[in-house]
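Student: I'd like a close look at one small part of this protein, and then a walk outward from there. Could you take me through it?

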Amino acid sequence: MSRHRVVRSLNAADILAETENYDYDYDDYDDENYEMTPEDKAQMDKGKMFVRNVIGQVEGISDKDIENALWNYYYNTEDTIAYLLDEVHKSKANKKSQKKLGSNKTIPVKKAGSNNSGFAFNTPSPDDTALKAQRQRNTGTLKDKAKQDVSSTSSNASASSPILKTAQKPESKEKQLTTVLLEEDNGAEVLYDNNVDKQLRFDMEALNLNVENTSSKKVTKLPPKISPKHKRINVLEEYKKRNDNKVALNLVVVGHVDAGKSTLMGHLLYLLGEVNEKTMKKYERDSSKIGKSSFAYAWILDETGEERARGITMDIAITKFETEHRRFTLLDAPGHRDFIPNMISGAAQADVAILVIDSTTGEFEAGFEANGQTKEHALLVRSLGVQQLVVAINKLDVVSWSQDRFNEIITKLSPFLNQAGFKKDKVIYIPCSGLTGENLLKRSQNILEWYSGPTLFQQIDKFEPPIRLLDKPFRLSVSDFFKGGISGMGGITVAGKIEAGTIQIGDDVLVIPGGEYGVIKGLEANDESSKWAAAGDSILMTLSGLDILQLKVGSILCSVSHPVPVTSYILAQIVVFDIKVPITKGFPVILHRQSLNEPAIITKLVTILDKSTGEIVKKNPRCLPKASSATVEIKLTNRPVPFETYKENKELGRIMLRKGGETIAAGIIINILSYNS
Ligand SMILES: Nc1nc2c(ncn2[C@@H]2O[C@H](COP(=O)(O)OP(=O)(O)OP(=O)(O)O)[C@@H](O)[C@H]2O)c(=O)[nH]1
């Protein structure tokens, strides 16, 4: 049973009816000379900051435009954002169509008579009027006079807007959408969209923004219309059907350089029949021609010429495979320290991980010491939210399948992994050889005497299903993008993993920063053509109506009705890694969040915390030593970017701090501190 309580069902017509019964003269209202109350001013300032923060510096939207839109929408930031973005979008579309027609003239627009603030609604639609009236009622500025003539107000629809240089048609009544506004018991607002049968949560308190009083009476605009060409899909139902069949998981393979990650996974894919004999023979032939025959299996995943020639993985390779109960998207990460940013971007997409250890004498030790990648990778995947780990103790063929060596490695590794935050029962050690293929799919004869546990294949089939943020607003961190669409269609294609929410063909998505939106024309989820996708899916999405210059790796695509805030100033709780020099105020770092990496400065050391209890041990410390836990203020130095708190979104709320090629700390965003102008 739903725990939501219907507060009120409203549509624009209802509000109009209500307004008609209210006695006032709309023309009598003097917008220009209206004195703002201190409350008005405070609301205006907060709202302006929030709106600017969300849309960023969009060309054509001045502070004055924001103020006027806020004023007209009674400080409702969601409606204001939707309106402003819509206007810019329409303006661009109009410019484009004028170009197509070979005309560079803009359609003349009549000037607004009564508003010289530089901005006016082009077409005060009936609901604008109603809201205005509602505001006037609430501020007590209306004179008790004649009834408003709605039709005359609507026909007086030729005001101009500086952000919209072309003519606009009034929106027809049929197009006005109905929203049922629901209120959650905890005070969070839930918008229930009748048309798409989907719930979207929006809890501004969780963002600590406290921007506006959430009124159960306000009318909220829905996301832009859905193309009638596409029948709406009940994505949650489809998701359930898909997962009833086999649970989908993103698996990252990490470990020190040359530990054998690509060989191990390449060989497993071959044994599973994912690579045919002919291709495998070709890889064997070609790799031996360049004197790298031992890399034949690695070539299944290392596809570029440079990777094959150098014998190292440089970027994340993505492949799919299935076990009896799981459907995996495999992310093979580079081990070399130069490519850690790529590794982070891959690991950020992962639910579970395989940590590959080279058991060869001296090699395990090299990977495990201070500047080896075994420790760093383990810390990184844990900090990025991975809780379940399979440790593949690899290359055991080189050490004669020694049980002693296997145990020695576990003895050294296990305390470290516990310290890094992996629970004992979530870490499983598997002896194997990626080169000979033993204990990958079938039990090795060489370990029968001392090992009776599962093979690698059996163990990964036991990974527990992850918790997906399906009921949160849509979020995707852009990991790549290119011109051209899926299967030859036009547009721009964006790649990334959906961190929260669901989408389907026909939906509009907003790019933050920038505030442009595009319409989803095509989708590929986990390498398969699809009409929908949900949190956890690695997708390709073809968008139309979007300028490619608006996209950047690390940008967030989000739901139009629930944009992600943009800021360059955050409060984070971090765990400091094994660093040589303590962190001090003013420390420059590179901040990583999914595929995003941005220069930043630690501007304030706020507290040192007790690692186990989280209690404050010291306020305003002068430095943060290695292995400490602390809260710090961080400021991005280049540009503001979209951030969400960990409380709001566990996936987007995690960060990583690196300096001089080393990861120095990882943590979570606990507050968004201020907004950028
Ligand atoms: N003897 C033996 N050699 C192995 C085994 N696994 C991998 N190798 C060899 O180790 C070398 C490196 O293997 P890769 O699979 O490229 O290692 P990687 O960890 O993917 O390398 P990066 O991604 O570049 O860090 C190759 O020569 C492999 O043949 C194994 O189980 N036994």
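Student: In which strand does Thr 319 lie?

Tutor: Before anything else, keep in mind that this is a predicted model. Thr 319 sits in strand β6, which covers residues 317-322. As for how covered it is, Thr 319 has 19 other C-beta atoms within 10 Å, and since a residue needs 20 or more to be buried, Thr 319 comes out as partly exposed. Setting aside residues up to four places away in sequence, Thr 319 touches Leu 269, Leu 301 and Leu 330. There's also Glu 274 to look at: Thr 319 and Glu 274 are 45 residues apart in sequence, yet their C-alpha atoms are 9.6 Å apart in space.

Now follow one of those partners, Leu 330. Thr 319 touches Leu 330, and Leu 330 is also in contact with Leu 251. Leu 251 is a good place to stop, as it belongs to the largest nonpolar core, a set of 149 residues. Leu 251, Ala 347, Ala 353 and Ala 392 are the members that touch the most other members of that core. Leaving out neighbours within four places in sequence, the contacts of Leu 251 include Phe 328, Thr 329 and Leu 331, then Ala 350, Val 352, Ala 353 and Ile 354, and also Ile 460. Ala 353 therefore turns up both as a contact of Leu 251 and among the core members with the most links, if you read the 7 Å cut-off for contacts as the one that also joins core residues.

How does that fit the whole chain? The protein has 15 helices and 30 strands, and of its 677 residues 44% count as buried. Of the contacts with a separation of 6 or more, 75% are between residues 24 or more positions apart.

A few loops deserve a click too. Ser 400, in the loop between β9 (388-394) and α14 (403-419), has a phi near 55°, a positive value in a residue other than glycine. Ser 400 counts as exposed because it has 9 C-beta neighbours inside 10 Å, and the limit for exposed is 12 or fewer. Asn 439, in the loop between β10 (427-431) and α15 (456-460), also isn't a glycine and has a positive phi of about 65°. Asn 439, though, counts as buried, because 29 C-beta neighbours fall inside 10 Å. Then there's Pro 513, in the loop between β14 (508-512) and β15 (516-525): the peptide bond from Ile 512 to Pro 513 is cis, with omega near 0°.

Further along the chain, look at strand β30 (residues 662-672). Strand β21 (residues 569-576) pairs with β30 in the antiparallel sense over seven bridges, and Leu 571 has Asn 671 as its bridge partner in β30. Strand β29 (residues 654-659) pairs with β30 as well, antiparallel over six bridges, with Ile 655 bridged to Gly 667. β29 and β30 form a hairpin with two residues between them, and Gly 660 in that turn has a positive phi of about 55°.

Last, a helix. With 18 residues (38-55) at 1.5 Å a residue, helix α2 should span 26 Å, and its end C-alpha atoms are 26 Å apart, so the two agree. Among the buried residues of α2 are Gln 43, Gly 47, Lys 48 and Phe 50.

Technical notes. Residues are numbered from 1 along each chain as its sequence is written. This is a predicted model: local features need pLDDT of at least 70, side-chain atom pairs count only at pLDDT 80 or more; totals for chains, interfaces and linings use all residues. Helices (H or I, at least four residues) and strands (E, at least two) are DSSP runs, numbered from the N terminus. The expected span of a helix is 1.5 Å times one less than its number of residues. Two strands pair if DSSP finds at least two bridges between them. Two residues are in contact if their C-beta atoms, placed from the backbone, lie within 7 Å.
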